[in-house]
Amino acid sequence: FPRFGLAQVRSIAVSNYTIEDYQELEPHLKVVPAVNQIEVNPFLYRPKTLSFFASKGIVTQSYRALRQGKGMDDATVQAMASKYNKTPSQVLGRWCVQRGIVLVAKTVRKERMVENLGVFDFAMDE
């Protein structure tokens with residue numbers, strides 16, 4: 001960040017950083033990233049990566065947590081939705097929330113925004 005003085009930089013984030021990427025960057029950091037945005041969901045679970053970044057105090061934010069609608073027909077997702085009386089997208093979102101992963105569910109439709117808030121009123125069995 002040569003063009004920014006430390007007084008000007010309060011927070012940074014990284015995207016798609018693996019453990020190896022971060023270890024290469026770490027010696028050069030003056031500000032520790034607050035967030036690492038990666039693709040993570042039940043179909044692409046990265047426990048080692050999640051644990052590593054958590055140990056550094058870096059929050060994981062998931063993009064594509066709802067997989068752009070792919071996986072909504074998955075038998076396990078459907079069974080969980082039925083069990084908890086929730087939608088498949090709420091099940092996928094709750095999966096992130098229960099693991100401390102920040103969920104960003106992209107939509108422009110009001111009804112889906114309201115639906116996405118339904119990830120906070122239930123808990124799933126691990």
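Ser 62 stands opposite Leu 103 in β4, a good place to start looking at this predicted model. Two bridges join β3 to β4, and these strands run parallel. They belong to an open sheet of four strands. From there, the tour below moves to the nonpolar cores, the salt bridges and two residues with a positive phi.

**The sheet**

- The four strands of the open sheet follow the order β1-β2-β3-β4, with parallel pairing.
- At the edges lie β1 (13–15) and β4 (102–103), each of which pairs on one side only.
- Where β3 meets β4, Gln 61 stands opposite Val 102 in β4, and Ser 62 stands opposite Leu 103.
- β2 and β3 also pair in the parallel sense, here over five bridges.
- One facing pair to find between these strands is Glu 39 and Tyr 63, the latter in β3.
- A right-handed β-α-β unit is made by β2, α2 and β3.
- As general background, strands of a sheet pair through backbone hydrogen bonds, either parallel or antiparallel.

**The nonpolar cores**

- Twelve residues make up the largest nonpolar core: Ile 38, Val 40, Leu 50, Ala 65, Ala 81, Tyr 84, Val 91, Trp 95, Cys 96, Ile 101, Phe 122 and Met 124.
- Two elements, α3 and α4, give two or more residues to this core.
- The most comes from α4, which gives three residues.
- Apart from this core lies another of nine residues, including Val 9, Phe 52, Phe 53 and Ile 58.
- Phe 122, a member of the largest core, is worth a closer look: leaving aside neighbours within four places in sequence, Phe 122 is in contact with Tyr 84, Lys 86, Gln 90 and Arg 94.
- Of these contacts, Tyr 84 is also listed in the largest core, while Lys 86 returns below as a salt-bridge partner of Asp 121.

**The salt bridges**

- The count comes to four salt bridges, and three of them are described here, beginning with Lys 56.
- Lys 56 forms a salt bridge with Glu 26, and their closest N and O atoms are 3.0 Å apart.
- This pair links distant parts of the chain, 30 residues apart: Lys 56 is in the loop between α2 (47–55) and β3 (59–63), and Glu 26 is in the loop between α1 (19–25) and β2 (35–39).
- Lys 56 counts as partly exposed because its relative accessibility is 32%, and Glu 26 is partly exposed as well, with a relative accessible area of 29%.
- Lys 83 and Asp 125 meet through their side chains in a salt bridge of 2.7 Å, N to O.
- Here too the pair links distant parts of the chain: Lys 83 sits in helix α3 (residues 75–84) and Asp 125 in the segment after α5 (110–116), 42 residues apart.
- Lys 83 counts as exposed because its relative accessibility is 52%, and Asp 125 is exposed with a relative accessible area of 52%.
- Lys 86 forms a salt bridge with Asp 121, with the closest N and O atoms 2.6 Å apart.
- The two partners are 35 residues apart and link distant parts of the chain, with Lys 86 in the loop between α3 and α4 (88–98) and Asp 121 in the segment after α5.
- Is Lys 86 buried or exposed? At 18% relative accessibility, Lys 86 counts as buried, whereas its partner Asp 121 counts as exposed at 55%.
- In general, side chains of opposite charge can pair when their charged atoms come close.

**Two residues with a positive phi**

- Most residues other than glycine have a negative phi.
- Asn 16 has a positive phi near 65° and is not a glycine.
- Asn 16 is found in the loop between β1 and α1, where it is partly exposed with a relative accessible area of 43%.
- Asn 85 likewise has a positive phi, about 55°, although it is not a glycine.
- Its place is in the loop between α3 and α4, and Asn 85 counts as exposed because its relative accessibility is 70%.
- The loop between α3 and α4 that holds Asn 85 is also where Lys 86 is found.

Key
Residues are numbered from 1 along each chain as its sequence is written. This is a predicted model: local features need pLDDT of at least 70, side-chain atom pairs count only at pLDDT 80 or more; totals for chains, interfaces and linings use all residues. Side-chain values use heavy atoms; hydrogens and water are left out. Buried means under 20% relative accessible area, exposed over 50%, partly exposed in between (1.4 Å probe, protein chains only). Two strands pair if DSSP finds at least two bridges between them. A nonpolar core is a set of buried Ala, Val, Leu, Ile, Met, Phe, Trp, Tyr and Cys residues joined through side-chain atoms within 4.5 Å. Contact means heavy atoms within 4.5 Å. A crossover is right-handed if, with the strands pointing away from the viewer, the path from the first strand over the helix to the second runs clockwise.
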